[in-house]
Amino acid sequence: MIATRKVKNLVFKGLCLGATLLGLGILVLILFTLLQKGLAGLHWSLFTESTPGPDGEGGLANAIVGSLMMTGLGILMAAPVGVLAGTWLAEYGQDSKTADSIRFLNGMLMSAPSILIGLFVYQMMVVSMGHFSGWAGAVALAIIALPVIISTTEEMLKLVPRNLREAGAGLGTPRWKVTVKLSYKAVGTGIITGILLSVARISGETAPLLFTALNSSFMTTNPNEPMANLPVTIYQFAMSPSESWNQLAWSGALLITMAILFLNVLSRVLPQLKKRRS
Amino acid sequence: MKALMLRALPWDGDNLFRRACLASAGLISVLMFAILVSLVTGAWPALEQFGLGFFVSDEWNPITEQYGAANALYGTLVSSLIAVLLALPVGVGVAIFLSELCPKWLSKPLSIAIELLAAVPSIIYGMWGLFVFAPWFADGFQLWAGENLADLPVIGSLFSGPPMGVGLLTSGIILAFMILPILTSLIKEALSTVPNVLREATYGIGATQFEVIAKVLLPAIKGPIFGALILALGRALGETMAITFVIGGAQSMEMSLFMPATSISATIAEQFNEATGELHVASLIGLGLVLFMITFVVMGTARVLLRRKAQ
C-alpha cells in the first residue's frame, strides 16, 4: 500500500517534470533552429543592403528600417494616450461603473485577434487614402500596443503608496502635479517596463501589417508610402521557393526573435536593477 | 459677463489633466465600437448577398462568387480545441512543477523561460512549424498512426489520410505550444492563492505530494483552471500567422485531422490582398466579423469567470 502510494507520487512528479522539460525543450528547439538556419546569413550586408529580387544577393536594411520606424511611430502614438488612460482608471475612475466598463473593453481590445485590427485600419485608412502606407501600419501597431500600456500603467499607479499622495496633497500641490511629479516618478520604471513589453509585442506582429503597410522592396523612410518591414518580409520570403529569400527569412527571424527576447528579459531585469540601486 | 464666465470655467491644470486622461480612456470604447462598425459595414455586401446562409454554407469559391464561413469556422474551432486539450495537462504539470515541486531558486528562471515562449512571435512558430516540426511529425507520428490507428473503429477516420505534415492536427499542436505559457502562469497564480494551511494540514496526516496536489490543491482551483482554459481558447482562436503556415490552406472540411484545412484568420491572411471583387473582400471581412464575435463571447466569458473566482 505504502509502496504503491510512493510509486504514484514518483510517477506524478516525473510527469510534471516531463511537462516542464517539454515546454523548455520547445523554446530551446526553436532558438536552436533559428541559430542554426539564421546565423549562416548574418553578414554586414544584412544591415546595409535592401531586399533583393528572387535569387539575388541582398540584405534586410529596408525592412529593418521600416520595422523600426513603424514600431517607433506606433509607440509614440500609443504611449501618451495609454499612460493617460491608465492614469484615469487608477486615479479618477477607480471603482466607478464607467471605469469598469472601460477596463472590460480594454481587456477585450487586448485579446482581439491582431488580424482584425489590420482589417479595421485597412478600412479606415487604406481605403480612404487609396494606398497602403507606413502610417496605417503604425496606427495598427499603436492600437495593439495601447491596451497593454493602459493596463500596466493602471496596475503600477495602484502601487503608489497612499501616504505619498497625501504628503503631496498636504503641501497644497494640485492633484495633477502629485500624479505627474510624485506618482509617475515613483513607479516610472514599471510604466517604462510596460511600454518596453508592448514594443516587444508589436515588433513581431505580422498579420496587421499585411493589409496596412503591406511591404516594399525599396528603402523608404516616407511613412506615406507602403513600407518594408521585417515580419511581412519574413512571411513572404519564407513561403517562396527562392533559396536566397529563404535564407534572408531565417536571418530576419533570428534578428527579430533575439531583439524581442532581449526586450523581454530587459523588462524583467530593469525593475530589479532600480530596486537594488535605491 | 462673458469674460467672467470664461474665467470661471475650470481650465486649470487639474481639470485639463483630468479631461485628457478621461478622453484617452474613452478612446478605448470609441475604438471597440469603431472596430465592430467597420467589420459590419465592410461585411455588409456579403451578408446582404448570402444572408444567414453565409455562416453555414461550406462553399468558398471565388470563381462562382459563392462564399460561406463554415469551412474556415470548422478549422478555427477544431484546431483551437485540439490546442486546448493538448495544452491543459502539460500546462497543469508545468504549473505544479514550478510552484510546488521544484526548489525556489530554480523556479524563477524556469518560469521566465516558459514565459519567453509567449514572447516568440507567431510568425516564428509558423516557420518552425512548417519547416521543422511538420516534416518530423509526418515521418514520425503520422506514418505510424496511418499504419496503426487508421483502421480502428470510430476514431480511425481521424487519423487516416496521407502523412503530409501540415493540417488540422499540426496546427492544433503548434497552437498548444503557443498557449502553454498563459495557461501555466494563470494556473500557477491560482495555486499560489491556495492557503498554506491546507497544504500543511494534508501533509500533516501523512499524505504524499501527489495526494496533496491531486486531492486538495487541484480541486480547490477548479474554477480558475476552467477560466484559464477559456482564456487560452480565446488566444488560440485568433492566432493568425502560425496557423497560416501549417494548416495547409485548403477550403475543405474533412473528418481526418491529417488533412489540410483552413481557419478564419488564415483565409483572411492568404486571400485579402489577392481578393478579386467587392464580394470577395466583403466575405473575408465577414469572416473577420465571425471571428470578432466568437472571441468577444469567449474572452468575455473567461474574464467574468476569472474575476468571479478572484473575488
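Which backbone oxygen lies 3.1 Å from a polar atom of the side chain of S251(A)? The exercises below work through this and other points in a predicted model.

**Exercise 1. Describe the surroundings of S251(A).**

Solution.
- Step 1: place the residue. S251(A) belongs to helix α11 of chain A, which covers residues 243-277.
- Step 2: judge its exposure. The relative accessible area of S251(A) is 0%, and buried means under 20%, so S251(A) is buried.
- Step 3: list the contacts, leaving aside neighbours within four places in sequence. S251(A) is in contact with G38(A), G41(A), L42(A) and L46(A).
- Step 4: find the polar partner. The backbone oxygen belongs to G38(A), and it lies 3.1 Å from a polar atom of the S251(A) side chain.

**Exercise 2. State how the axes of α1 of chain A and α9 of chain B are arranged, and which residues make the contact.**

Solution.
- Step 1: recall what is needed. Two packed helices are described by the angle between their axes and by the distance between the axes.
- Step 2: take the values. The axes of α1(A), residues 2-38, and α9(B), residues 209-220, come within 8 Å and cross at roughly 70 degrees.
- Step 3: classify the angle. Angles of 65 to 115 degrees count as roughly perpendicular, and α1(A) and α9(B) are therefore roughly perpendicular to each other.
- Step 4: name the residues. From α1(A) come R5(A), K8(A), N9(A), F12(A) and K13(A), and from α9(B) come Q209(B), F210(B), E211(B) and I213(B).
- Step 5: sort them by character. The residues of this contact comprise four charged, three nonpolar and two polar.

**Exercise 3. Compare D55(A) and E65(B) in backbone angle, location and exposure.**

Solution.
- Step 1: read phi. D55(A) has a phi near 65 degrees, a positive value in a residue other than glycine. For E65(B), also not a glycine, phi is positive and near 60 degrees.
- Step 2: locate each residue. D55(A) sits in the loop between α2 (45-48) and α3 (61-93) of chain A. E65(B) sits in the loop between strands β1 (60-61) and β2 (66-67) of chain B.
- Step 3: assign exposure. D55(A) has 58% relative accessibility and counts as exposed, whereas E65(B), with a relative accessible area of 33%, is partly exposed.

**Exercise 4. Find the contacts of S171(B) and F104(A), setting aside neighbours within four places in sequence.**

Solution.
- Step 1: start with S171(B). This residue is in helix α7 of chain B, residues 168-193. S171(B) is buried, with a relative accessible area of 0%.
- Step 2: list its partners. S171(B) is in contact with S79(B), I243(B), V246(B) and I247(B).
- Step 3: turn to F104(A). This residue lies in helix α4 of chain A, residues 97-111. F104(A) has 23% relative accessibility and counts as partly exposed.
- Step 4: list its partners. F104(A) is in contact with F296(B), G300(B), R303(B) and R307(B).

**Exercise 5. Summarise chain A as a whole.**

Solution.
- Step 1: count the elements. Chain A has 11 helices and zero strands.
- Step 2: give the extent. The C-alpha atoms of chain A fill a box of roughly 70 × 70 × 35 Å along the principal axes.
- Step 3: look at burial and surface. Of the 278 residues in chain A, 53% are buried. Chain A exposes about 12500 Å², with 68% of that supplied by carbon and sulfur atoms.
- Step 4: check the sequence range of the contacts. Among contacts in chain A between residues at least 6 apart in sequence, 72% join residues at least 24 apart.

Definitions and conventions. Residues numbered from 1 in each chain as written. Chains lettered and ligands numbered in written order. Predicted model: local features only at pLDDT ≥ 70, side-chain atom pairs only at ≥ 80, totals over all residues. Heavy atoms only, no water. Axes fitted to C-alpha atoms, helices over the stretch in contact; angles between N-to-C directions. Helix = DSSP H or I, 4+ residues; strand = E, 2+ residues; numbered from the N terminus. Parallel < 35°, antiparallel > 145°, perpendicular 65-115°, else oblique. Contact = heavy atoms within 4.5 Å. Nonpolar A, V, L, I, M, F, W, Y, C, P; charged D, E, K, R; others polar. Buried < 20%, exposed > 50% of the residue type's maximum accessible area, 1.4 Å probe, protein only. Polar contact = N/O pair within 3.5 Å; in protein donor to acceptor, adjacent residues only side chain to side chain. Areas by Shrake-Rupley, 256 points an atom, 1.4 Å probe, with all protein chains shown as cover.
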